[in-house]
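Student: Please take a close look at the salt bridges of this chain and at what surrounds them. I would like one connected account.

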Amino acid sequence: MKMGFPERLVELRTRHGMTQKELAEKLGVSRGTIGMYEIGQRDPDTETIIKLTKIFNVSADYLMGLSDIPNPYKDITNDSLSNTENNRKPDDNEEYFTISELIAFIKEKRKKKEGK
């Protein structure tokens, strides 16, 4: 069963050992509001969603039940990137472009498209 926002909120709150009252205090809302979120009777506004993502250190997609990856950016650091396939040596047969070459290519394509 895929989790939606109400189920995900309950799961995150309990995993972090928080009561509804404690979470409500952190968000600046009533305990009843948290209860309504958790049973799906009320939806949080954008500001509240942002606060929740910061409190639980998860992405908004995860919080809303759109993804099962809590924080897809958590492990991306310069150290972790240095050991990835992204830093492998290119094969002689592979073709690479600089950013400025790609920008020039895109601009040229747009000019041709607009000229038609």
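Tutor: The chain exposes about 9,100 Å², of which carbon and sulfur atoms supply 51%. This is a predicted model. Of its 116 residues, 23% count as buried. The chain has seven helices and zero strands. Among contacts between residues at least 6 apart in sequence, 48% join residues at least 24 apart.

Five salt bridges are present in the structure. One of them pairs the side chains of Asp68 and Arg8, at 3.4 Å from N to O. Asp68 sits in the loop between H5 and helix H6 (78-82) and Arg8 sits in helix H1, so this pair ties together parts 60 residues apart in sequence. The two partners are placed in opposite ways: Asp68 counts as exposed because its relative accessibility is 57%, over the 50% cut-off, whereas Arg8 is buried, with a relative accessible area of 3%.

A salt bridge also joins Arg15 and Glu11, whose closest N and O atoms are 2.0 Å apart. Arg15 and Glu11 are four residues apart in helix H1, so about one helical turn separates them. Arg8, Glu11, Arg15 and Asp68 are linked in a network of salt bridges.

Helix H1 takes part in a further pair, in which the side chains of Glu38 and Arg13 meet at 2.5 Å, N to O. Glu38 belongs to helix H3 and Arg13 to helix H1, so the pair ties together parts that are 25 residues apart in sequence. Both Glu38 and Arg13 are buried. Within H3, the buried residues are Thr33, Ile34, Gly35, Tyr37 and Glu38, and their cover includes H1, H2 and H4. Just after H3, Gly40 takes a positive phi of about 80°.

The nonpolar surroundings come next. The largest nonpolar core has 15 residues, and Leu9, Leu23, Leu52, Phe56 and Leu63 touch the most other members. Helices H1 (5-15), H2 (20-27), H3 (31-38), H4 (46-56) and H5 (60-63) each give two or more residues to this core.

Leu63 leads back to the salt bridges: leaving aside neighbours within four places in sequence, Leu63 is in contact with Phe5, Arg8, Leu12, Ile49, Leu52, Thr53 and Val58. Arg8 on that list is the partner of Asp68. Thr53, also on the list, is in helix H4 and counts as buried because its relative accessibility is 15%, under the 20% cut-off. With the same neighbours left aside, the contacts of Thr53 are Val58, Ser59, Ala60 and Leu63.

Conventions. Residues numbered from 1 in each chain as written. Predicted model: local features only at pLDDT ≥ 70, side-chain atom pairs only at ≥ 80, totals over all residues. Heavy atoms only, no water. Core = buried A, V, L, I, M, F, W, Y, C linked by side-chain atoms within 4.5 Å. Buried < 20%, exposed > 50% of the residue type's maximum accessible area, 1.4 Å probe, protein only. Contact = heavy atoms within 4.5 Å. Areas by Shrake-Rupley, 256 points an atom, 1.4 Å probe, with all protein chains shown as cover. Salt bridge = Lys/Arg side-chain N within 4 Å of Asp/Glu carboxyl O.
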